[in-house]
Amino acid sequence: MKGTAQTDELDTEDSTVKEELKQAALKGGALVFGVADASAFTAAPEGYRPTDILPGARSVVVIGGSKPRAGDWQSPNYQHMELSSTNDRITALSMRLAHTIERQAGYYAVVVPPGVDQGQLPFMSLALAAELAGCGTPSLAGPVLHPEHGFMYFSALVTTLSLPVDGPLTHPACPAPACVEMYQRSGATPCTTTCPIEDNGCLGGTIVDGRWTERQYDRARCMARVYNYWVPTFQKILTETLDEPDNEQRRMMINSTLFSRSLWSMTYANISQGQCFECMRVCPVDQANRQLS
Ligand code: SF4
Ligand code: SF4
C-alpha cells in the first residue's frame, strides 16, 4: 500500500480496504455501497467510461442514499420534494471517500460529476455504475431501484485502487411481486396507471413470466416534467424575454413564478432537482420503509 499517513492508513488487504470504505459510507449516511469493475462499462459510449475520467482506473465505488424521507411521501405539497430530491448530499459523501482513498491508501480517486456533459449526456452513467456495482436494477420508470430501499440517489467515484467487485444483482427489483399481480389482473402496474403512455404519460410495457419484456418509456416527455424549473426553463424564458418588445410584459416575465422558481432551483443546489415523482410515489418496492406513525 502506498499510504502516507502514519496512524490512519487503510489496511493493505483489498477486501479490508473495501470494508473500511463501506463502513465509512454507511456511517456517513449511505444506504447501499458497491464496487464495479472499471473495465465492465462496455455498454457506455466511448468517452463516457471510467478510464475517460481517470486513466488507469480499476474500480468504480458506488454509494446510494439521500432518498426522500417517509414523511416526504406523505406530504400533500409535492413541490417540497425539490428540497429532498438532489444528489448533492450523496455526492459530498463520495468526495469524502475519494479523500480517504487518496490520503490514506495513496491511489487516485475522482468523483463522477452529477451533472451532464455535452449533448445532455452524463459524464459517466451513474445508473450503469449502480447496476454494475450491484446497488440496484433498472426500473420501467427509469431510476435504478434497490430491492429493499427502492428509489434513491447515487454517486460514483473512479479510482486506480483495485477492489473486489460486487457485480450486478441477478434478480430485478422491477417489476415488484405486487406489480406482477396487478398486471395479471388489470394489464397495468402502479406506475403505468399513474403515467400511462397511451394517455399523455410516459410509461407502458408488457410483463411475461414476471419480467418486463417490452418497455415503453417516453424519455423526452418525462424529462420535460421532471425538470420544469431548471436550466432548460431558464434558457427558454430568457430567450422569450429578450425577444419581448413590450417593457411591461418583459418585467412581468422576469418576475413570474416560473422564472423565479427556475432561478431558485438553479441557485440552491449545483445540480438538478427532480420535480416529478408520481411513478415513484406509487412504486411498491420500498413501501415497507415508508410506513411510520
Ligand atoms: S417521473 Fe413523472 S413524468 Fe416521468 S415517468 Fe415518472 S410519473 Fe411519468
Ligand atoms: S411500480 Fe415500481 S416496481 Fe412496479 S413496475 Fe413500476 S417502477 Fe417497477
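This tour moves from the nonpolar cores to the ligand shell and then to a pocket.

The model is predicted, with local features requiring pLDDT of at least 70, side-chain atom pairs counted only at pLDDT 80 or more, and totals for chains, interfaces and linings using all residues. Residues are numbered from 1 along each chain as its sequence is written, ligands are numbered from 1 in the order in which they are written, and side-chain values use heavy atoms, without hydrogens and water.

Select first Phe 33, Ile 63, Leu 145, Leu 157, Leu 203 and Met 280, which have the most contacts inside the largest nonpolar core, a set of 43 residues. Such a core joins buried Ala, Val, Leu, Ile, Met, Phe, Trp, Tyr and Cys residues through side-chain atoms within 4.5 Å, buried being under 20% relative accessible area (1.4 Å probe, protein chains only). Helix α5 (residues 88-105) provides the largest share of this core, five residues; helices are DSSP runs of H or I, at least four residues, numbered from the N terminus. A separate core of 23 residues includes Val 32, Val 60, Ala 133 and Phe 154.

Turn next to ligand 1. Its surroundings are Cys 195, Cys 202, Leu 203, Cys 222, Arg 225, Val 226, Cys 276, Glu 278 and Cys 279, each with a heavy atom within 4 Å. Helices α9 (219-226) and α13 (278-281) each give two or more residues to this shell, and α9 supplies the largest share, three residues.

Finally, select His 171, Pro 172, Pro 175, Ala 176 and Pro 177, which lie nearest the centre of the second largest pocket, among 13 lining residues.

Key
Buried means under 20% relative accessible area, exposed over 50%, partly exposed in between (1.4 Å probe, protein chains only). On a 1 Å grid over the protein atoms alone, a cavity is a set of points where a 1.4 Å probe fits but cannot get out, and a pocket is an open set with protein on both sides within 12 Å along at least five of seven lines; lining residues have an atom within 4 Å of a point.
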